[in-house]
Amino acid sequence: MHINYHQYLHYSGGNLADDATYILLTPKEGLSLQHLDEYEASGIPAKIYDKNTSRWMRTAGEISVLENTKLGDKDQDTIVSVKRFGNHNVVFVDEGHRGSSSGKEGKWQKYRDELCSEGFSFEYSATFGQAIAAASDKSLAQRYQKCIIFDYSYKYFYGDGFGKDYNIINLPDDSDDTKRSLYLTACLMTYYQQKKLYFSSRSDFAQFNIENPLFVFVGAKVNAVRTEGGRKVSDVVDILLFFKNFIESNTLAIANIGRILSGNTGLLDNKNRDIFRNAFPYLISTELSAASIYSDILKVVFNCSLVGAKLHIENLRGVNGEIRLRLGENEPFGVINVGDDSTLLNLCADNGFDTDSIDFSESLFHGISKTDSNINILIGSKKFTEGWNCWRVSTMGLMNVGRSEGSEIIQLFGRGVRLKGCSMSLKRISFYKRDFPETVVPKNIGILETLNIFSVRADYMNQFKDFLDAEGVPSDKSQPLVLSMPVIRNKDYKESGLYSLRLKNSANFKKDAAKLSLNPSDGILVVLDCYAKVQFESSQSRSVVEATKNEAHFSPEHLAFLDYDAIYYEIQRYKTEKARHNVNVTKKGIYDLLNDNSWYKLLISEDELVIHTFEDYKRFERIAIALLTKYLDKLYYTERSRWESKVVGYDLVAMDDENENFFNEENDEYIITINNTDDNETMIQWINQIIVKVSEAKKNNQMINISEIQGDMEAIGIPVHLYNPLLYLSKGNMEINVSPVALNESELKFVKALKKYVSENDTYFKDKKLYLIRNRSKKGIGFFEDKGFFPDFIMWLIANGKQYINFIDPHGMGREPITSDKVRLHSRIKSEIESRLPDPSVKLNSFILSPTKHVELPDQSISVSDWNTNNVFFMEDDKYIGKLFDTIVS
């Protein structure tokens with residue numbers, strides 16, 4: 001919305017008609033106030049609309065904020081006549097689906113249209129689709145399908161890794177009171193597990209922006225009453241009765257907890273499996289007894305350290321529509337947000353609760369979002385679905401929600417799945433780690449990144465699931481299973497005096513060197529070959545064989561109509577992607593570079609430079625971007641190398657148990673998360689078998705030498721590696737996540753080849769010592785920081801009185817091609833770093849293991865065997881490991 005505001009200011013030149021206003025319409029006052037806070041944070045002038053204030057008193061570009069419920073045909077006490085505003089306004093509509101169910105003749109829709117019939121409107125909603133489907137006027141579908149410019153509904157949001165995972169827990173039949181009590185106890189335990197985990201490892205979760213978990217019960221109408229057993233009850237009273245029974249009947253509650261932990265609740269899904277199977281891995285790991293868990297639930301969830309305290313339900317006289325819940329004289333644990341608080345209080349009294357009204361001036365509801373809030377349970381109506389700004393919701397109970405408008409369901413769902421994520425990425429850790437594989441993932445974080453949804457009455461949940469299915473979101477997801485697999489360290493290395501490298505004085509090019517500018521620089525030449533580059537989408541057909549390659553440059557005609565804004569933003573995006581924050585990029589600098597042809601050669605057919613239509617400029621734009629990104633890389637590498645040669649060096653440090661390449665932060669464990677347990681039961685059984693074997697070997701102080709395969713996973717032990725086992729996971733498997741990251745295909749191929757060679761060449765290694773460890777990206781030993789170069793493996797060979805430290809980089813078919821730049825990068829480790837080491841008996845080597853026999857040069861592709869290099873080996877050569885060792889010692 002803020003971006004659209006600035007866009008309109010830009011393209012209109014900031015000019016509005018004399019009788020026009022910027023207007024924001026919201027469905028309710030609370031949302032209006034929230035928008036004011038957001039506008040202030042963005043530096044956009046905005047005020048609540050006051051009809052008694054003259055339009056001429058407003059700041060330039062000021063937005064008037066009011067609720068659409070306050071618009072009318074004529075002025076009244078709290079109603080503003082729509083005619084006051086004229087029809088040239090720029091209108092922003094939040095929750096734009098509101099009012100659409102009445103069709104285009106509905107009063108809200110009519111007022112909105114009247115405000116901007118000669119102006120412009122921006123409308124926003126997560127649920128236009130559901131609202132229009134439910135509308136009585138089908139012409140709205142035609143209207144909106146012409147106007148929607150961005151459709152990012154939940155299925156896309158979730159599929160791209162944004163927001164929490166979710167677990168829908170459904171009890172098909174809740175007519176049995178015993179089963180219902182057991183079910184609700186399990187739901188309470190689901191929340192307690194999140195709360196307990198959060199406080200046990202709060203510091204570990206801090207960088208991932210995990211919020212203090214909150215349990216929310218939502219109903220369509222809090223005071224909706226029905227008669228059961230001759231008594232008037234409501235959904236809220238049902239929940240309160242469960243809390244009362246749980247608190248007062250501790251023997252039954254403890255028995256239920258024990259049964260739930262055993263995995264034998266008798267509550268089965270449609271495949272006859274316990275619906276709470278694998279649901280409590282963290283609680284089980286604590287080894288607390290059922291009685292201890294019960295006492296801890298009272299403390300953690302209900303803010304009470306004593307068993308047997310009485311539940312008090314108290315109306316807050318100084319706060320409209322709030323009722324607090326507390327045990328004994330302890331801090332309140334919950335709040336009910338309700339329109340008619342006195343009616344609900346009377347209903348609670350009729351059902352045997354201890355009720356009272358007290359003087360209280362501070363809203364508990366408004367304080368829920370604060371980090372120090374003691375409120376753990378919130379009960380209220382569907383009003384939460386719009387505009388409530390809270391990140392805490394982790395478990396949600398639905399009461400009588402889902403029978404009416406579908407948009408309410410998705411709005412409600414959105415309250416719970418919002419997630420800040422690591423570095424405010426908004427992404428679940430399993431997706432964030434794909435972009436940043438060096439991230440150390442705290443154990444069981446998936447429990448806190450999952451929204452648990454359950455129904456108090458099953459028929460409503462079925463309706464809810466229908467809406468999720470219609471949205472394209474799977475509703476029958478099983479609970480993710482998190483398994484821990486220990487690793488066994490090879491302690492023999494301590495007797496060999498192994499060295500590791502560490503950067504001297506923590507020198508950092510980005511922080512310490514002078515800032516670079518993207519301007520012409522002496523000695524830098526970029527060559528771009530467009531003959532074989534399909535990404536430039538040639539507009540002309542040409543023969544398959546090119547006899548010679550035409551060398552050219554852009555002329556002023558080619559540069560005249562380039563979109564320099566688009567080029568600038570793409571170069572900025574590329575700069576950010578490569579984390580080159582110390583390079584200054586300006587539009588003027590880009591313009592000057594492209595108008596100076598001294599720094600590049602363009603190999604391109606003459607036909608490709610002929611201008612036929614304006615569409616050709618799109619191709620020129622892509623070529624310009626490719627040239628500039630190559631130039632940015634080369635400039636950065638050149639300046640980095642110059643700076644490094646003057647100030648950067650490495651120290652030799654003793655290899656020890658605190659080295660960054662061990663699993664110290666992970667407590668010597670792999671964390672394996674299986675997201676779809678239903679389809680991976682065989683895999684889970686296999687992983688558990690490997691865990692048993694590794695655990696048994698570790699207990700007996702033995703190394704493990706295994707090689708076992710199951711589907712997309714493989715576990716391999718190699719005696720020379722400094723810890724075992726190593727795990728491989730197929731790149732295409734999206735249902736299993738291994739942390740720290742598993743081997744890829746080329747890395748596995750190298751490990752197997754090395755293991756085979758060592759086992760078959762005892763004589764060669766009789767007077768030598770060999771060790772290997774995976775070099776963890778962004779954590780282990782890195783070189784040439786601008787390149788982000790972290791070789792995949794470090795291999796030590798102690799022979800002939802020397803210690804050879806070898807950096808090995810296996811490349812797979814799915815990775816970037818082996819370029820001349822990459823080969824030179826490996827060569828630089830020996831040529832530039834080895835000579836600066838303090839111990840001449842330590843030698844450095846760095847090798848590429850290539851799946852192919854060709855490399856890419858700027859102007860041709862040639863065989864590595866025809867090129868003078870000794871640090872590239874071909875993995876297809878079954879003798880390459882032996883050649884590798886010969887090269888090391890020679």
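## Aromatic pairs and a helix crossing

Phe242 and Phe246 are both buried in this predicted model. The two residues sit in helix H9 (residues 235-248), 4 residues apart, which is about one turn of the helix. Their ring centres are 6.1 Å apart and the planes meet at 45 degrees, so this pair counts as tilted.

Helix H9 also holds Phe243, whose partner Phe302 lies in the loop between helix H12 (290-300) and strand E12 (311-316). With their positions 59 residues apart in numbering, Phe243 and Phe302 link distant parts of the chain. Their geometry is edge-to-face, with 5.7 Å from centre to centre and 80 degrees between the planes. Phe243 and Phe302 are both buried. For the wider picture, a search of the whole structure gives 49 aromatic pairs.

Rings also meet charged side chains here, and two such cases go nicely side by side:

| Charged residue | Ring beneath | Distance to ring centre |
|---|---|---|
| Arg428 | Tyr158 | 4.2 Å |
| Lys768 | Tyr764 | 4.1 Å |

Now to a pair of helices. How do H24 and H26 pack? Helix H24 (residues 745-760) meets helix H26 (residues 880-889) at an angle of about 80 degrees, and their axes are 9 Å apart. Because angles of 65 to 115 degrees count as roughly perpendicular, that description fits H24 and H26.

On the H24 side, the contact is made by Lys749, Phe750, Ala753, Leu754 and Tyr757, while H26 brings Tyr880, Ile881, Gly882 and Phe885. By type, the residues of this contact comprise 7 nonpolar, 1 polar and 1 charged.

Key
Residues are numbered from 1 along each chain as its sequence is written. This is a predicted model: local features need pLDDT of at least 70, side-chain atom pairs count only at pLDDT 80 or more; totals for chains, interfaces and linings use all residues. Side-chain values use heavy atoms; hydrogens and water are left out. Rings of Phe, Tyr and Trp (its six-membered ring) pair if their centres lie within 6.5 Å; planes under 30 degrees apart count as stacked, over 60 as edge-to-face and the rest as tilted. Buried means under 20% relative accessible area, exposed over 50%, partly exposed in between (1.4 Å probe, protein chains only). A charge sits over a ring if NZ of Lys or CZ of Arg is within 6 Å of the ring centre and within 35 degrees of the ring normal. Axes are lines fitted to C-alpha atoms, for helices over the stretch in contact, and angles run from 0 to 180 degrees between N-to-C directions. Angles under 35 degrees count as roughly parallel, over 145 as roughly antiparallel, 65 to 115 as roughly perpendicular and the rest as oblique. Contact means heavy atoms within 4.5 Å. Ala, Val, Leu, Ile, Met, Phe, Trp, Tyr, Cys and Pro count as nonpolar, Asp, Glu, Lys and Arg as charged, and the others, Gly among them, as polar.
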